Amino acid sequence: MRNRWKILLFGGLFWVPMTLNAQQSYFIDGYHGGVYGHYPKGYTRFMVEQLQRHSDWKINLEIEPETWDRERIEDPLHYNAFAEMIQDSVSRIEYVNPSYAQSYLFNCSAESTIRQFSMGLEKLREHFPNISFRSYSSEEPCFTAALPAILSSFGVKYASSKNPNTCWGGYTTAFGNQNFVVWKAADGSSVLCVPRYASEKLEKNSTWQTNAWRHSKEYVEDAFKSGVNYPIGMCLQDAGWRGGPWLKMSGHYMPVEFTLWSDYFRKYEFTVQPQEWRMSQEDIRVSLVWGAQVLQKIAQRVRCVENLLPQVEKIATMAHLWKGLNWESWKLKEAWRGLLLSQHHDCWIVPYNGQKGESWADKVCDWTSVSKHYGNEIINCSARSFGDNVIAPDGVLVFNTLGYPRKEVITVSHPKTHKEYAFYAEIPAMGYTSYLWEEIMQQSQNTQGGMVTEREGKYVIDTEKYNVVINPECGGAIESLKVKELGNKEFIDKTSPYAFNTLRGYFAEQKEFVNSSSTIAKVTILLNTPLKVRVQLDGKIAEQPYSQILSFTKDGNLIDCELRIDWSNNMRIGKETVGDFKAENPVKAFYNDKYKLHLLFPSIVNGGVIDKNAPLDVCRSREEHTFFNSWDKIKHNIILNWVDNTDEEVQNGISLFSDHTTSYLHGKDYPLGLTVQYSGLGLWGRDYKIMEPTVIHYAILPHAGDWRAADVPQYSICWNEPLCVLNVSNIQKASASLFEFSRRGYEIMACYMDRNDTCLRVANTGVGNETAELQIRGDYECLQWVELDGHTTEVVKVDDKIQLSIPPFGFKTLYIRNLCVK
């Protein structure tokens with residue numbers, strides 16, 4: 001079989017020298033999909049037979065790795081034939097996206113992206129041990145600005161930012177008129193990239209293609225004219241399509257040669273001096289049905305588990321090292337599997353597809369439930385391991401999974417009386433502290449009074465940081481927000497026609513914009529102590545009851561907020577679709593965020609500037625405003641974890657944190673906002689309905705200076721990775737720490753066990769200097785920096801402290817052999 005394929009390959013390439021004298025072009029063909037998305041039975045046989053029939057054909061694959069588990073059982077004959085082909089030294093098959101579940105990447109954490117590739121490659125190598133990962137490409141807009149940093153660590157040199165045939169969710173910015181560009185990440189790492197050429201046009205009468213999908217004469221000739229010497233088109237066909245080689249239709253450019261991405265790069269990478277491209281996250285122009293309840297729930301479930309699992313691993317590592325608890329790798333692997341599958345792009349773009357009870361949205365609920373089950377089971381088991389075998393007082397165990405000490409106000413509920421207590425918890429870096437119930441109750445008894453008072457019908461909250469006034473007559477709007485340490489600077493834009501922390505949206509039934517600030521809200525004080533305050537605001541918008549809970553702590557900078565809307569029925573919210581829904585019509589109602597229900601935060605006069613985080617990056621917005629209503633005018637308006645709005649002089653700003661990936665609003669004449677609800681027609685004309693209460697969690701942070709000066713990333717990490725508090729029986733008073741950074745600006749992305757190695761992944765958040773120190777509190781045999789592909793580099797130590805030399809937004813993984821701690 002192996003020799004026969006070499007003969008066929010030679011025959012298929014025989015004609016190439018005869019056509020190179022003409023203006024040669026190239027084409028990337030292959031398949032996209034898998035056992036969850038689309039991969040019908042018998043399809044492996046189809047691919048094998050087509051490769052045998054077409055000796056000049058080559059295929060590039062992004063097939064979900066779990067697909068091969070099924071194929072090995074259901075079609076062992078063609079599975080084995082395919083395995084031999086893909087591992088042949090002159091293979092005509094290349095895996096270009098080995099991620100576990102073809103995630104969009106822009107909407108999830110950097111650690112999730114690393115696990116997508118590491119677990120995907122692990123699964124693929126169970127089936128094809130010699131498979132390599134040399135080039136990254138995707139049929140969907142599965143890109144993020146930090147991708148070169150992650151790919152480089154996996155040893156990948158090449159990538160493409162094209163997705164010509166599946167642009168329903170969006171596309172990348174057209175850039176450059178060369179064969180290649182150097183795609184550079186924020187940390188300085190890079191890959192050689194074939195971009196969507198500046199000459200590559202969006203297809204006419206389409207809302208899902210560029211003109212590279214069918215290798216049109218216009219596409220190739222425009223590329224030649226603009227300076228691309230060896231134009232390449234692309235279409236990774238949906239697995240299930242039965243046409244074989246893609247370029248069978250008439251009208252495409254000739255001559256054309258099918259190629260693998262890595263072959264194309266290696267052939268021409270030294271023929272040009274490529275232009276550098278520092279891709280901004282805004283160059284990934286994507287838009288899903290943001291605000292639709294089904295997508296909101298998916299994004300929240302994913303974020304919840306995405307925050308949980310790194311904490312689970314860190315706490316399990318502490319329990320393993322300090323208490324000898326078994327490392328339950330199979331549970332952690334299954335937990336991560338559920339998360340990665342929930343990040344599949346199809347979950348987000350076609351959530352309703354599938355059978356009843358088996359839609360993508362249903363699968364996300366099932367997958368994340370499994371992840372949460374195993375994650376919480378491991379945390380509880382870890383906490384119990386810290387209890388003593390002798391009779392001792394009951395108490396709480398508080399874990400800090402960050403690389404810095406934390407002193408924060410936390411609230412705990414007594415396991416027997418269920419009474420809530422607020423107290424200061426002081427926890428060392430990457431460690432724990434236990435508190436006995438006696439001292440918790442004693443501390444609470446010694447704190448009397450509160451921070452909320454009612455004055456002339458308004459409610460004033462007075463903390464060490466803020467003086468806040470809530471006006472019930474304006475729907476519970478925050479009427480005044482003054483920061484004491486900034487000379488009582490007012491952070492509410494009094495000139496704005498909109499009220500702060502209120503709801504606004506277009507309701508089709510009323511045929512008008514409705515504002516919650518036009519109604520009266522009821523204010524209820526839920527908790528009022530010297531350490532913590534919780535205030536509930538109850539009001540109505542379009543006759544629908546909603547409540548907001550605002551939480552303040554004595555010296556905390558974050559204002560924590562929860563919103564719940566109890567819908568009585570499905571209501572149309574958003575821009576109305578005019579006429580029949582047509583996929584080809586670029587204008588779509590769900591693109592227009594200004595009509596969706598949203599929260600408003602008028603703070604910065606005249607709009608100011610916007611910075612927003614992305615995985616391993618922070619992006620300065622180049623847009624004057626976020627608003628668009630057409631597929632060919634998509635702007636990047638996505639909030640991952642936070643958006644920061646500062647004035648033009650960067651004197652003061654306000655940060656907005658979200659518990660899920662969604663869209664934000666902003667413009668010169670429109671304040672910062674957060675999308676809350678859309679109900680109407682979405683992609684493919686599906687009716688995105690309101691089916692249950694809307695519940696979201698968000699936070700705001702007024703500050704001086706820009707995001708770096710305020711260290712917004714650190715607040716985001718703390719908010720997403722809160723102190724973990726667990727009730728424990730028979731516990732002694734104790735405290736300990738594993739790792740600690742010498743300065744702010746660094747993050748522990750992950751910490752887990754790999755046999756005898758403790759693995760610590762460290763990232764520079766963009767705030768920290770390139771050099772800092774890491775202290776390990778324990779003895780060990782050796783240290784190594786290990787890249788994601790296994791390559792190692794030397795660890796520099798000074799006075800038993802590890803010298804971190806990580807550029808802003810970069811990351812490294814430290815392996816600590818046989819760590820022994822007291």
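Two strands are said to pair if DSSP finds at least two bridges between them. With that term in hand, the tour may begin; note that the model on the screen is predicted.

**First stop: strand E13**

Select residues 395-400, which form strand E13. Next, add residues 431-436, strand E16. Six bridges join E13 to E16, and the two strands run antiparallel. To follow one of these pairings, select phenylalanine 399; its bridge partner in E16 is tyrosine 432.

Now add residues 724-728, which make up strand E39. E13 is joined to E39 by five bridges, and this pair also runs antiparallel. Glycine 395 is the residue to select here, for it stands opposite valine 728 in E39.

Is strand E13 enclosed or open to the surroundings? Six of its six residues are buried, so the strand is largely enclosed by the rest of the structure. A residue counts as buried when its relative accessible area is under 20%.

**Second stop: an open sheet of five strands**

In general, the strands of a sheet pair through backbone hydrogen bonds, either parallel or antiparallel. The sheet at this stop has five strands in the order E4-E5-E8-E7-E11, with mixed pairing, and it is open. Select residues 135-136 for strand E4 and residues 275-277 for strand E11; these are the edge strands, each of which pairs on one side only.

Then select residues 181-184, strand E7. Three bridges connect E7 to E11, and these two strands run parallel. Within this pair, valine 182 stands opposite glutamate 276 in E11.

**Third stop: two helices that cross**

Select helix H6, residues 110-127, together with helix H11, residues 329-342. Their axes lie 10 Å apart, and the helices pack at an angle of about 110 degrees. Angles of 65 to 115 degrees count as roughly perpendicular, and H6 and H11 are therefore described in that way. The crossing of the two helices is left-handed.

To display where they meet, show the side chains of the contacting residues. Those of H6 include Arg115, Met119 and Glu122, while those of H11 include Lys333, Trp336 and Leu340.

**Last stop: asparagine 585**

Finally, select asparagine 585, in the loop between strand E27 (559-565) and strand E28 (597-601). Is this residue buried, partly exposed or exposed? Its relative accessibility is 35%, so asparagine 585 counts as partly exposed.

Show its side chain and select valine 587 as well. A polar atom of the asparagine 585 side chain lies 3.1 Å from the backbone nitrogen of valine 587. For a final distance, select aspartate 687, 102 residues away along the chain: its C-alpha atom is separated from that of asparagine 585 by 17 Å.

Terms used
Residues numbered from 1 in each chain as written. Predicted model: local features only at pLDDT ≥ 70, side-chain atom pairs only at ≥ 80, totals over all residues. Heavy atoms only, no water. Helix = DSSP H or I, 4+ residues; strand = E, 2+ residues; numbered from the N terminus. Buried < 20%, exposed > 50% of the residue type's maximum accessible area, 1.4 Å probe, protein only. Polar contact = N/O pair within 3.5 Å; in protein donor to acceptor, adjacent residues only side chain to side chain. Axes fitted to C-alpha atoms, helices over the stretch in contact; angles between N-to-C directions. Parallel < 35°, antiparallel > 145°, perpendicular 65-115°, else oblique. Left-handed = near helix turned anticlockwise from the far one by under 90°. Contact = heavy atoms within 4.5 Å.
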